[in-house]
Amino acid sequence: KIEFRIDSGGNVHAPVGKVSFDAEKLKGNLLTLMDALFKAKPSTAKGTYVKKVTISATMGPGVNIDIPELQALAK
């Protein structure tokens with residue numbers, strides 16, 4: 001089950017796990033979320049659909065994710 005929300009600026013907010021999850025579980029959850037977002041892209045949408053991906057803990061610093069690598073892993 002994937003739940004996410006989008007704010008007025010077009011930012012997607014979604015939880016992908018908890019601190020207690022191991023790295024493989026977090027990676028799997030992130031790939032599932034990104035796969036759902038890529039599939040939700042309308043066929044009429046032009047240009048770059050996902051411009052930037054950053055993950056962070058609730059109050060932690062953000063970590064940028066390489067989008068082409070993420071797309072390759074999500075397929």
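1. Ile65 has its place in strand 4, and in this predicted model the residue is partly exposed, with a relative accessible area of 25%. Leaving aside neighbours within four places in sequence, Ile65 is in contact with Val53, Ile55 and Leu70. The C-alpha atoms of Ile65 and Thr48, which are 17 residues apart along the chain, are separated by 16 Å. Ile65 is not counted as buried, because its relative accessible area is 25% and buried means under 20%.

2. Leu70, one of the contacts of Ile65, is placed in helix 2 and is buried, with a relative accessible area of 4%. When its neighbours within four places in sequence are left aside, Leu70 is in contact with Leu30, Leu31, Met34, Val53 and Ile65. From Leu70 to Asn29 the separation is 41 residues in sequence and 12 Å in space, taken from C-alpha to C-alpha.

3. The largest nonpolar core consists of nine residues in all, namely Leu30, Leu31, Leu33, Met34, Leu37, Val50, Val53, Ile67 and Leu70. Helix 1 and helix 2, the latter spanning 67-74, each supply at least two residues of this core, and the largest share, five residues, comes from helix 1. As a general matter, nonpolar side chains in soluble globular proteins tend to be buried together. Within the core, Val50 touches Met34 and Ile67, and Val50 also touches Phe38, not counting residues up to four places away in sequence.

4. Leu37, another member of the core, is found in helix 1 and counts as buried at 10% relative accessibility. Residues up to four places away in sequence not being counted, Leu37 touches Phe4, Val12 and Tyr49. The C-alpha atoms of Leu37 and Ile2 are separated by 10.0 Å, although the two residues are 35 residues apart along the chain.

5. Val12, one of the residues that Leu37 touches, lies in strand 2, which covers residues 12-13. Val12 is partly exposed, with a relative accessible area of 37%, whereas Leu37 counts as buried. Apart from neighbours within four places in sequence, the contacts of Val12 are Phe4, Arg5, Ile6 and Leu37. Between the C-alpha atoms of Val12 and Val53, 41 residues apart along the chain, the separation is 9.4 Å.

6. The largest pocket has a volume of about 1300 Å³. Of the 38 residues that line this pocket, the closest to its centre are Val12, Ala14, Leu33, Thr54 and Ile55. Strand 1 (5-6), strand 2, helix 1, strand 3 (53-55), strand 4 (63-65) and helix 2 are the elements that give two or more residues to the lining, with the largest share, seven residues, coming from helix 1. By residue type, the lining of the largest pocket divides into 25 nonpolar, eight polar and five charged residues. Leu33 is thus a point of overlap, being listed in the largest nonpolar core and also among the residues closest to the centre of the largest pocket.

7. The second largest pocket holds about 200 Å³ of space. Its lining is made up of Lys1, Ile2, Glu3, Ala14, Pro15, Val16, Gly17, Phe21, Asn29, Thr32 and Leu33, and these residues divide into six nonpolar, three polar and two charged. Ala14 and Leu33 line this second pocket, and both are also named among the residues closest to the centre of the largest pocket.

8. The structure holds one salt bridge, which Lys39 forms with Asp35, the closest N and O atoms being 3.3 Å apart. This pair satisfies the criterion because the separation is 3.3 Å and the limit is 4 Å. Side chains of opposite charge can, in general, pair when their charged atoms come close. Both partners lie in helix 1 (residues 23-39), where Lys39 and Asp35 are four residues apart, about one turn of the helix. The two partners fall into separate accessibility classes, Lys39 being exposed, with a relative accessible area of 65%, and Asp35 being partly exposed, with a relative accessible area of 24%.

Conventions:
Residues numbered from 1 in each chain as written. Predicted model: local features only at pLDDT ≥ 70, side-chain atom pairs only at ≥ 80, totals over all residues. Heavy atoms only, no water. Salt bridge = Lys/Arg side-chain N within 4 Å of Asp/Glu carboxyl O. Buried < 20%, exposed > 50% of the residue type's maximum accessible area, 1.4 Å probe, protein only. Core = buried A, V, L, I, M, F, W, Y, C linked by side-chain atoms within 4.5 Å. Contact = heavy atoms within 4.5 Å. 1 Å grid on protein atoms, 1.4 Å probe; cavity = no way out; pocket = protein on both sides within 12 Å on 5 of 7 lines; lining within 4 Å. Points joined across faces, edges and corners; volume = space filled by probe spheres on them. Nonpolar A, V, L, I, M, F, W, Y, C, P; charged D, E, K, R; others polar.
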